[in-house]
Amino acid sequence: MTELQWDEIDRRAVDTARVLAADAVEKVGNGHPGTAMSLAPVAYLLYQRVLRHDPSDTDWLGRDRFILSAGHSSLTQYVQLYLGGFGLELEDLESLRTWGSKTPGHPEYGHTEGVEITTGPLGQGLASAVGFAYAARYERGLFDPDAEAGTSPFDHHVYVIAGDGDLQEGVTSEAGSLAGHQQLGNLIAIYDSNQISIEDDTDVAFTEDVAARYEAYGWHVQTVDWKKSGEYVEDVAELNAALEAAKSETAKPSLIILKTIIGWPSPGKQNTGKIHGSALGADELAATKKVLGFDPEKSFVVADDVIERTRSALAEKAKTARAEWQRSFDAWAEANPERKALLDRLEAGELPEGIADALPVFEAGKDVSTRAASGQVINALAAELPELWGGSADLAESNLTTIKDAPSFIPSEWSTHEWKGDRYGRVLHFGIREHAMGAIVNGIVLHGPTRAFGGTFLIFSDYMRPAVRLAALMNIPSIFVWTHDSVALGEDGPTHQPVEQLASLRAIPNLTIVRPADANETAAAWLELLRRQAGPAGIALTRQNIPVFARGDGDASGDTFASAENTAKGAYVLAEAPNGTPDVILIATGSEVQLAVSARETLAAEGVNARVVSAPSLEWFAEQDEEYRETVLPASVTARVSVEAGSVLSWRGIVGDRGRSVGIDHFGASADYKTLFQKFGITAEAVVEAARETLKENS
């Protein structure tokens with residue numbers, strides 16, 4: 001190990017980082033200065049000495065990944081992005097937390113160069129980092145599986161800074177357990193154990209032995225205590241040695257417990273909750289600047305020799321690392337032309353030509369659950385798409401998310417009689433950990449070009465909401481497979497029967513919900529999900545068998561139903577009104593589309609012309625131009641009925657004041673699904689009655 005070189009300019013750069021953090025919060029009047037001040041030497045060490053990255057190309061394939069899980073301490077990262085020349089300048093620090101700035105209150109992916117993930121809700125960053133580490137290993141298996149450890153251009157590390165709040169959130173316990181199980185030696189987390197939160201000393205709620213817990217998870221744990229001598233000494237060399245030891249441990253993820261004093265060296269507020277989430281105040285800021293040798297009358301001051309050193313040294317380090325990596329990458333590309341072609345396709349976000357031909361076609365007249373259809377589609381696509389991988393939160397046999405004949409993504413020693421383990425496998429087992437599953441899928445997608453999915457019951461999407469919401473906020477294409485999508489899951493009863501979930505998930509901006517009406521819609525939906533490279537989606541699938549509709553090749557006409565290829569439009573005319581001009585429009589999703597189809601026939605016998613619209617995705621439909629939407633739901637036809645076995649909250653804007661909604665706005669019960677639909681009024685007869693009512697209302 002090369003001895004750490006740390007000189008006077010490094011020391012002043014660290015102190016400059018502390019003062020910039022304090023100045024930025026003071027100027028805006030709110031924020032979190034304390035952790036950024038005490039973590040300044042940690043972040044500086046990482047950015048200037050440890051991380052392999054390139055300020056001129058923050059998307060460089062060969063870079064290490066850095067995740068600030070303690071996102072409230074955004075200045076910990078912003079100041080280093082400024083000092084390192086990643087694109088932030090002093091004015092960006094001065095505009096912290098203000099409209100239009102590059103420095104929002106928490107780091108945001110896609111908003112600030114050099115930020116790998118949006119970290120706001122505590123725990124999500126550290127949990128998603130496990131997904132980053134998953135992806136790094138899987139991608140190595142795709143592109144360079146036979147290279148010796150540490151020699152591949154696809155070898156790199158994932159570094160995390162986490163705080164007390166991250167370690168308290170349950171999602172990190174789930175993800176930490178999985179990380180140890182997976183032996184993710186490429187994951188290194190620094191836990192800033194300052195033992196202060198908003199309510200001050202964490203002893204009021206958090207006294208466990210974190211080291212013992214993570215050792216029990218299977219992590220390599222080290223402690224670096226800057227308070228051990230009785231005086232506070234920021235021993236950067238000791239931390240650097242711990243990082244080197246962590247890098248040398250290739251069979252376990254590493255946790256470095258760093259014991260710090262929050263707000264150091266603020267003379268009056270260090271080690272208190274008062275410096276965690278609020279400005280120091282003019283007097284305390286001035287006192288801190290005096291301690292550090294800065295002029296208390298001046299703000300946002302950076303010495304020329306400091307900024308020249310931090311930027312030039314990092315640029316030179318990046319140039320050397322980049323050249324070495326490029327030689328390795330070029331040699332790999334020459335030796336592996338097919339794998340290089342795969343990498344190029346994935347980085348371009350493209351699917352193979354003719355991929356639609358791989359989709360299974362389901363025979364009309366049979367009854368097939370959409371979860372079963374989804375399972376067949378996943379396997380058909382997986383045969384053509386090595387980038388597609390995923391699994392379930394211990395519900396594989398119910399979700400039908402398993403890629404058959406593929407090994408599991410686990411160390412081989414964890415193989416069972418049911419599952420064969422391989423460190424480069426593609427079947428994911430999350431255990432009963434929906435919280436972590438959502439975060440890990442996000443981390444996989446953020447890391448690189450593969451496409452991952454995670455499955456559970458729709459009701460348990462509630463456990464995943466923080467990760468789902470962050471995926472939507474980041475506009476990343478995570479895929480969530482949610483089966484057992486209504487009270488029709490039956491006898492398990494109301495605890496497992498989703499009612500409000502579809503409506504509440506649709507309320508998340510930028511999240512797509514897809515609820516296909518039959519097996520062929522399911523196939524078309526999966527293809528569209530994979531074609532899209534932005535925004536997350538949840539596909540909601542039935543437990544029970546439902547009819548596979550007989551369809552034509554194009555749009556609906558006469559008694560010929562429309563092709564399932566229309567699924568990509570979000571909503572389409574599945575069955576046209578018998579005379580071509582609808583008196584009433586029946587709009588349904590999922591398993592309830594069959595009820596609308598049956599109601600259409602009954603209404604036709606009464607002389608009422610009903611159009612059936614299948615609406616698998618209201619979000620995709622909203623993307624279509626006004627002309628198309630008018631052809632499906634003409635404004636002149638205000639007699640409308642929505643049909644969905646869940647909350648009707650999503651439908652008022654579609655059916656209007658004079659329309660009707662057939663749905664369920666109460667909890668379910670334990671019984672078979674046919675009984676439940678009958679008792680709760682989710683029937684073709686109820687749809688017919690609702691159509692009569694809306695026609696009367698509109699007459």
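Reader: Which residues does Ser 374 touch, not counting residues up to four places away in sequence?

Author: In this predicted model, Ser 374 touches Thr 522, Trp 526 and Leu 541. Touching is meant literally here: heavy atoms lie within 4.5 Å. Ser 374 itself is found in helix H14, residues 370-382.

Reader: What makes Ser 374 buried?

Author: Its relative accessible area is 1%. Buried means under 20%, so Ser 374, at 1%, is called buried.

Reader: Why is Gly 391 called buried?

Author: The reasoning uses the cut-off of under 20% again. Gly 391 has a relative accessible area of 2%, so the word applies. Gly 391 is part of strand S9, residues 388-392.

Reader: Which residues is Gly 391 in contact with, leaving aside its neighbours within four places in sequence?

Author: Gly 391 is in contact with Thr 401, Leu 428, Phe 430, Phe 453, Gly 454 and Gly 455. One of these, Gly 454, is 63 residues apart from Gly 391 in sequence, yet the two C-alpha atoms are 5.2 Å apart in space.

Reader: Why are helices H1 and H12 called roughly perpendicular?

Author: The axes of H1 (residues 8-28) and H12 (residues 304-335) cross at roughly 100° and come within 10 Å. Angles from 65 to 115 degrees count as roughly perpendicular, and the crossing angle falls in that range, so H1 and H12 get that name. From H1, the contact is made by Ile 9, Asp 10, Arg 12, Ala 13 and Thr 16; from H12, by Asp 305, Val 306, Arg 309 and Thr 310. These residues divide into three nonpolar, two polar and four charged.

Reader: Which strands are the edge strands of the sheet with the order S1-S2-S3-S7-S6, and what makes them edges?

Author: The sheet is open, with five strands and parallel pairing. S1 (65-68) and S6 (220-225) are the edge strands, since each pairs on one side only. Neighbouring strands are turned by 15° against each other on average, direction ignored.

Reader: How do you know that S1 and S2 pair?

Author: Two strands pair if at least two bridges are found between them. S1 and S2 have four bridges, in the parallel sense, so they pair. In one of these places, Ile 67 has Val 160 in S2 as its bridge partner. S2 (residues 158-163) and S3 (residues 187-193) also pass the test, with six bridges in the parallel sense. There, Val 158 stands opposite Leu 187 in S3.

Reader: Which helices pack on this sheet?

Author: H6 packs on the sheet and touches S1, S2 and S3; its direction makes about 165° with that of S2. H10 (residues 236-248) touches S2, S3, S6 and S7 (254-259), and its direction makes about 175° with that of S6. Angles over 145 degrees count as roughly antiparallel, so H6 is roughly antiparallel to S2, and H10 is roughly antiparallel to S6.

Reader: Which residues have the most contacts inside the largest nonpolar core?

Author: They are Tyr 134, Leu 187 and Leu 255, in a core of 74 residues. Helix H6 (residues 124-143) gives the most to this core, with 11 residues. Another core lies apart from it and has 54 residues, among them Val 42, Val 50, Leu 83 and Leu 314.

Reader: What is unusual about phi at Phe 300?

Author: Phe 300 has a positive phi of about 55° although it is not a glycine. Most residues other than glycine have a negative phi. Phe 300 lies in the loop between H11 and H12. At 11% relative accessible area, Phe 300 is under the 20% cut-off and is therefore buried.

Reader: Where does His 484 lie, and why does it count as buried?

Author: His 484 lies in the loop between S14 (479-483) and H18 (501-506). Its relative accessibility is 4%, which is under 20%, so His 484 counts as buried. His 484 has a positive phi of about 55° and is not a glycine.

Reader: What kind of peptide bond joins Trp 264 and Pro 265?

Author: The bond is cis, with omega at about 5°. Most peptide bonds are trans. Pro 265 lies in the loop between S7 and H11 (282-292).

Definitions and conventions
Residues are numbered from 1 along each chain as its sequence is written. This is a predicted model: local features need pLDDT of at least 70, side-chain atom pairs count only at pLDDT 80 or more; totals for chains, interfaces and linings use all residues. Side-chain values use heavy atoms; hydrogens and water are left out. Axes are lines fitted to C-alpha atoms, for helices over the stretch in contact, and angles run from 0 to 180 degrees between N-to-C directions. Helices (H or I, at least four residues) and strands (E, at least two) are DSSP runs, numbered from the N terminus. Angles under 35 degrees count as roughly parallel, over 145 as roughly antiparallel, 65 to 115 as roughly perpendicular and the rest as oblique. Ala, Val, Leu, Ile, Met, Phe, Trp, Tyr, Cys and Pro count as nonpolar, Asp, Glu, Lys and Arg as charged, and the others, Gly among them, as polar. A nonpolar core is a set of buried Ala, Val, Leu, Ile, Met, Phe, Trp, Tyr and Cys residues joined through side-chain atoms within 4.5 Å. Buried means under 20% relative accessible area, exposed over 50%, partly exposed in between (1.4 Å probe, protein chains only).
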